[in-house]
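Dear colleague,

Please find below the structure that I am handing over to you. My notes on what was found in it follow directly after.

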Amino acid sequence: MDFTKMLHRFTVVPSLPDELAALHRIAYNLCWTWEPEAIELFKRLDQELWKETRHNPVEMLGILQQATLENLKHDDGFMSHLARVEEKINDYLSARTWYERLNKGNKGIQFAYFSMEFGIHESLPIYSGGLGILAGDHLKSASDLGIPLCGVGLLYRQGYFRQYLNIEGWQQEYYPENDFYNLPLHQERDKEGNPVSFDLDLAGRRVRVHIWRVQVGRVPLYLLDTNLDENAPEDREITTRLYGGDQDMRIRQEILLGIGGVRALRALGIDPQVCHMNEGHAAFLALERIRLIMEGLKLKFSEAREAVKAGNVFTTHTPVEAGIDHFPADLLEKYLGRYYRSMGLSRDEFLGLGRQNPKNPYENFCMAVLALKLADFSNGVSELHGDVSRKMWKNIWPELPEEQLPLTSVTNGVHMKTWLATEKAGLLIRYLGTRWLEDSTDHNLWRKVNRIPDAELWRTHNRCREKLVDFSRRRLKEQLTKVGATAKEIVVADEVFDPDILTIGFARRFATYKRGTLLLRDLDRLERLLNDPTRPVQIIFAGKAHPADHQGKELIREIIQLSHQERFRHRIVFIEDYDMAVARHLVQGVDVWLNTPRRPMEASGTSGMKVAFNGGLNMSILDGWWCEGYKGNNGWAIGSGEVYDDIEYQNEVESRAMYDLLEKEIVPLFYDRGVDGIPRGWTACMKASLQTLCPIFSTDRMVCEYTERFYLPARRQSQLLENGEFALSIDLAAWKEKVHRHWHQVKINEVEADGTQEVSVGDRIPVSTTISCGEIPIEEMSVDAYFGVLDSRGAIVGGELIPLETVTPLGHGNYRLSGEMECRFCGRHGFLVRVMPKHPTFGSVYEPGLLVWG
Ligand SMILES: *Cc1c(COP(=O)(O)O)cnc(C)c1O
């Protein structure tokens with residue numbers, strides 16, 4: 001008997017006295033998470049409950065006794081605190097924003113940001129790590145800046161796993177259920193009060209989807225949910241776990257996110273002009289956008305594609321292909337066979353969209369390739385990662401030199417107000433004023449950090465370190481209690497760590513490339529370092545390993561076992577269940593943040609940025625963001641950015657470099673105190689770090705960059721293509737088809753340059769070429785010399801394009817074209833002539849297959 005079918009269900013909501021209704025309003029907009037006064041307000045309700053609910057005010061309001069609430073109503077102090085917070089939040093929501101000033105009065109613009117995970121707060125556990133936190137910080141800054149953006153993701157019933165460690169140090173996973181009614185969720189409903197819903201077809205099964213909304217300041221985040229009675233059990237599971245399950249589950253989740261996400265927005269009456277795919281998981285959205293236009297206007301796939309491509313943005317986060325989803329053809333056939341055929345695509349055409357070489361039947365369908373092919377704006381997440389990504393994906397554009405690939409970079413950032421300790425924000429306000437809170441990208445403002453007296457900076461940081469030590473002891477005690485340690489062992493937890501000594505933090509996913517145990521390679525050396533009688537050091541670790549990553553779990557166990565050894569017991573602590581709350585304590589209290597990825601595996605990394613805002617110093621391999629952040633005086637680089645073939649050798653070299661740095665530079669600097677006990681060399685370094693890194697590595701800067709470089713141009717471009725029932729989009733598709741048909745006739749016959757022997761800097765060299773255009777008019781050809789200095793292998797590096805624009809007809813579709821190259825540098829030069837098609841409106845257009853070098 002299935003009793004669940006017979007259940008009558010109802011929801012009990014807390015009955016707040018009217019006077020306290022504002023509490024409810026504040027709890028349901030997650031901008032409270034970056035408003036310190038609001039956090040204080042909730043703590044004031046009940047300290048213990050605050051901790052027990054994992055800082056979840058919605059749940060708290062449901063648990064609080066009616067009597068407590070009645071009492072609060074008569075507590076003047078509390079009521080004025082409440083009024084103050086509500087006013088602050090209302091002010092925030094109605095303030096004039098950066099975007100309004102930039103884009104005066106231009107209404108009706110809408111951007112959408114799709115991501116598999118969003119890390120907004122620990123109480124909403126629908127994230128696993130860096131990718132999700134970045135997405136959360138993106139929404140928060142979009143809210144601060146007033147960008148008309150909404151988020152789209154999945155609402156997981158169990159989210160990502162929680163971690164605890166058994167007595168031997170093995171990671172154990174558990175999956176508590178998220179109770180939607182105790183989370184800050186609004187179910188989207190229509191005018192009649194019925195849930196807004198839509199259907200998806202998955203291998204012949206109809207799946208119904210509901211939509212929930214989380215309000216993140218001004219920005220709504222829509223979360224999809226398939227856990228409904230009317231769905232088949234296997235489809236109810238789609239929104240159970242983040243990154244759980246097999247490939248079959250993953251493709252269904254990605255269909256839900258991409259195709260379902262676009263349908264959800266439509267069901268809500270939202271029509272975004274630009275869609276941003278945060279990693280390839282969301283790439284199916286491009287297909288659905290195309291399909292909707294085809295259906296509405298009776299267009300062909302190729303005709304709708306032009307406009308949609310122009311309005312898509314794709315951000316890749318992975319420097320290895322294995323880290324990206326690939327699906328075998330039969331799985332795609334199973335779930336999307338009917339779908340692609342309904343769009344008039346053949347099997348090969350469809351599968352080709354996910355292959356670097358569309359004609360290679362052995363390539364699996366790759367979500368990143370799909371995204372790259374269907375987004376005109378693509379980027380990696382640091383300059384180095386941009387380079388790495390262009391190398392990874394260059395075969396998608398076989399005719400282009402690497403530096404010209406349409407794949408650039410926007411370096412990640414962090415949401416300052418989420419990660420900054422309240423004490424430190426206070427200090428900055430005292431010496432910088434408050435303008436940095438609205439515009440954190442002004443370098444001049446951050447120069448004022450010099451005005452902060454060293455003693456005050458140091459005192460403030462000491463307080464944060466003390467709090468971190470307190471927090472670590474408390475958590476360690478809880479961990480020991482849980483695994484049944486003896487009372488004597490638990491008491492020892494009060495003696496671990498010292499609030500006054502150099503504190504190093506290392507917390508991140510325990511993936512092997514992050515090399516969590518590089519510091520443990522020479523235990524005797526480590527012991528001497530940590531237990532130095534006058535200049536001791538302590539290290540705090542945290543992080544989860546993927547449930548299937550045995551090696552990652554082994555690394556965690558190694559650290560735990562070490563921390564049980566007598567010689568390390570007081571100096572090494574591993575904190576379980578790394579989440580945003582643990583991360584906040586760590587980044588706010590450590591002196592040094594250690595980061596040891598194997599270059600170039602860390603696409604960007606963001607925790608070091610959180611540390612930088614808090615005056616902590618980074619010690620990192622030159623990888624990801626640190627290649628751009630490191631300036632010589634604002635932290636430390638381990639090594640100088642070498643890449644080794646022999647991993648074992650590399651580990652050895654870099655681990656030694658790390659010990660050397662600690663022993664010879666970092667520890668001495670930290671303990672070099674003036675008579676007043678202040679380490680002036682260290683505080684100088686803290687200031688240099690704040691000044692150089694804060695104006696750059698925030699999501700304020702990052703979201704502005706996405707808006708100016710991608711969102712607004714993408715919107716303009718896609719509007720242009722869509723105007724007049726997609727006239728230009730249709731025209732462009734037809735034109736490309738024509739060019740494709742005739743392109744085989746295009747030939748470069750001769751290339752000539754005068755003075756090819758020796759020329760002086762500043763000389764101008766005439767170049768000319770003769771080409772045959774066949775049936776393509778010469779006006780539709782773009783002919784350039786690609787010219788520059790040669791490297792040792794004879795390849796042009798960082799070449800420039802010189803248009804050859806003087807045209808002489810030679811008859812029969814043949815032309816001579818000429819121009820001049822200016823030699824601005826000494827050295828071996830070379831050039832090539834390049835012919836591409838040129839569209840009357842869009843100028844030269846690159847399409848794989850439509851480019852000739854000569
Ligand atoms: C910031 C953050 C990350 C990202 O860490 P990186 O290793 O720097 O990419 C992961 N998890 C949590 C909980 C974080 O707060």
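In this predicted model, a polar side-chain atom of K610 lies 2.6 Å from an oxygen atom of the ligand. Two further residues approach ligand oxygen atoms with their side chains: for S607, an N or O atom of the side chain is 2.4 Å from such an oxygen, and for K514 the distance from a polar side-chain atom is 3.0 Å. The protein covers 93% of the 390 Å² of accessible area that the ligand has on its own. The elements that give two or more residues to the shell around the ligand are α8 (130-145), α25 and α26.

The shell as a whole holds 14 residues, of which K514, A583, T606, S607 and K610 come nearest to the ligand. By character, five of the shell residues are nonpolar, five are polar and four are charged. Where does the ligand lie with respect to the domains? Both domain 2 (98-402) and domain 3 (416-695) give residues to the shell, so the ligand lies between them.

Helix α25 deserves a closer description, as one of the elements that supply two or more residues to that shell. The helix is mostly covered, with nine of its 10 residues buried. The buried residues are M580, A581, V582, A583, R584, L586, V587, Q588 and G589. A583 thus appears both in this buried set and in the group that comes nearest to the ligand. At the N-terminal end of α25, D579 acts as a cap: one of its side-chain oxygens lies 3.0 Å from the backbone nitrogen of A581.

The loop that leads from β17 (572-575) to α25 (580-589) contains D577. The phi angle of D577 is near 60°, a positive value in a residue other than glycine. D577 is buried, because its relative accessible area of 5% is under the 20% cut-off.

A second residue with a positive phi is F726, where the angle is near 70° and the residue is again not glycine. F726 is found within helix α30, which spans residues 699-742. Is F726 buried or exposed? F726 is buried, with a relative accessible area of 9%.

The backbone has one further feature to report, between R599 and P600. These two residues are joined by a cis peptide bond, with omega at about 0°. P600 lies in the loop between β18 (592-595) and α26 (607-613). As background to these backbone features, most residues other than glycine have a negative phi, and most peptide bonds are trans.

Turning to Q171, this residue lies in strand β4 (residues 171-174) and counts as buried at 4% relative accessibility. Which partners does the side chain of Q171 have? It makes a polar contact of 2.9 Å with the side chain of Q163. In addition, a polar atom of the Q171 side chain lies 2.8 Å from the backbone oxygen of A545.

The loop between α16 (383-393) and β14 (408-409) holds P406, and L407 is found in that loop as well. P406 counts as partly exposed at 36% relative accessibility, whereas L407 is buried, with a relative accessible area of 1%. The C-alpha atom of P406 is separated by 9.8 Å from that of A375, 31 residues apart along the chain. For L407 and D387, which are 20 residues apart along the chain, the C-alpha separation is 8.9 Å.

Another buried position is C366, in strand β12 (residues 365-366), where the relative accessibility is 2%. C366 and D137 are 229 residues apart in sequence, and their C-alpha atoms are 27 Å apart in space.

Finally, a word on annotation. An unreviewed UniProt entry places the feature "domain: DUF3417" at residues 16-124. In the model, the chain over residues 16-124 is 57% helix and 4% strand, and the end C-alpha atoms of this stretch are 22 Å apart.

With kind regards

Terms used
Residues numbered from 1 in each chain as written. Predicted model: local features only at pLDDT ≥ 70, side-chain atom pairs only at ≥ 80, totals over all residues. Heavy atoms only, no water. Buried < 20%, exposed > 50% of the residue type's maximum accessible area, 1.4 Å probe, protein only. Near = heavy atom within 4 Å. Polar contact = N/O pair within 3.5 Å; in protein donor to acceptor, adjacent residues only side chain to side chain. Areas by Shrake-Rupley, 256 points an atom, 1.4 Å probe, with all protein chains shown as cover. Nonpolar A, V, L, I, M, F, W, Y, C, P; charged D, E, K, R; others polar. Domains from an automatic or database assignment. UniProt positions renumbered as here; feature names shortened; annotations may be inferred.
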